[in-house]
Amino acid sequence: MKENEREVLNAAVMAGRILLESGAEIFRVEDTMGRMIKKYGIESSSSVVFSNALFITSGNEKEKYFAKVMHIPISASRLDKVAAINQLSREIEANGYPISEVKEKLYEIQNMPQKPEIFRILASGIGSGCFCYLFAGNLADCLAAFLAGCILYAYIIFISNRYLSKMVANITGSALVTLLALLLYHFFVGDHLNQMVIGSIIPLLPGVSFTNSIREFAEGDYISGSVRLLDALLVIFSIAIGVGLVFSIYNRLTGGGML
Amino acid sequence: MMIQFLAAFIGTAAFALLFGVEKEYYFYCGLIGGIGRIFYVWLTGSFAITESTFFTTLVIIFLSRFFAVRKKCPSTIFVVSGILPLVPGAGIYWMAYYFVINKIELASKNGFSALKIAVAIVLGIVFIFELPQKIFTIGLKENR
């Protein structure tokens, strides 16, 4: 029985970790862990979750002491994992699996494969093209935004995610997009430079951190809210710096007449 | 209008894939993006951009919670991809652009308007998430 408690808490921590690193909100992490622990009959547990860390303890006169502290770096959002854990949590609530089975399922979710690279690259291109249209670009602009969006995501997957810090990755990414748009505009396809750049920087925008930070603030979780807001602002400023950098060099080279 | 809907539909669904959303939800993500876009275009006819953004956000978040209850999944999936067409990417771009060509006044004007749009999105999200869950389970027998 004692060993079982340890297993339950470990499984709950694992579920919490997967949720947090995949981009779930803090209250969802706390709620999911809490439900799981209650379901398996542990009364004395309490947990604190921050946007990059997780603390959990339990133990009183009747139950054995347990504590775990975990640092969780912010990584790419994987909403499929969030949905899968959510589903698992519902199933546990309804059916009550034995804890060993829960662990197996958690390992399965942890190792869920990411979408193939080529799909993600194409999706980024298609998204950029469509958004370019929404920002009043014409078909030629959309084609250019599609190409720039594809190349941007290939750059993100193969270079910046592997070797670069977040700030440098975003600055170089948006600079790359602006450069590509300039080249396409002058030598290949596209009529409106501005719309082309606007469409193709969309894949860099921090949608998940921005939305989560708002939800965090609304739930009264100011620390995690501020961390995520800061994260979103940093990304936005990096994008602006990247665009501005390329444009100012271009402006210098062409003598200020071309922009 | 139809093309606007389609562009928003496909664009939103494509970005849903980038956020790692499962296949079965692409359609709903796209639908929310498309409906949001139609509302936005319709509202900008008579309102300023900030108000249009606010009301469109209300619609998008409401639909997100509606579908989340029916598909039994976290609403984040729909919210994140649904509001993407509203996020002021263009405002950020124009800010950088005018800053470079030394038109500081226009740069700050665009930066400030991007901030106003962001605040409108924030308010929209906060208001709809305050609504009790009961509203969204109306018509679902198993949840009663």
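This section describes the β-sheet of chain A and the contact between chains A and B in a predicted model.

Chain A contains an open sheet of three strands, arranged in the order β1-β2-β3 with antiparallel pairing. The edge positions are taken by β1 and by β3, which spans residues 66-71 of chain A, and each of these two strands pairs on one side only. From one strand to the next, the twist averages 5 degrees.

Within this sheet, strand β1 of chain A covers residues 46-50 and strand β2 of chain A covers residues 53-58. The two run antiparallel and are joined by five bridges. Together, β1(A) and β2(A) form a hairpin, with two residues between them. The pairing can be followed at individual positions. A:Ser47 has A:Ile56 of β2(A) as its bridge partner, and A:Val49 stands opposite A:Leu54, also in β2(A).

The model further shows an association between the two chains, in which 46 residues of chain A are in contact with 39 residues of chain B. On the side of chain A that touches chain B, at least two residues each are supplied by the helices α3 (79-95), α5 (117-134), α8 (193-201), α9 (207-218) and α10 (222-253) of chain A. The greatest share comes from α5(A), which gives 10 residues to this side. Classified by residue type, the side of chain A that touches chain B comprises 27 nonpolar residues, 11 polar residues and eight charged residues.

Terms used: Residues numbered from 1 in each chain as written. Chains lettered and ligands numbered in written order. Predicted model: local features only at pLDDT ≥ 70, side-chain atom pairs only at ≥ 80, totals over all residues. Contact = placed C-beta atoms within 7 Å. Helix = DSSP H or I, 4+ residues; strand = E, 2+ residues; numbered from the N terminus. Nonpolar A, V, L, I, M, F, W, Y, C, P; charged D, E, K, R; others polar. Pairing = 2+ DSSP bridges. Axes fitted to C-alpha atoms, helices over the stretch in contact; angles between N-to-C directions.
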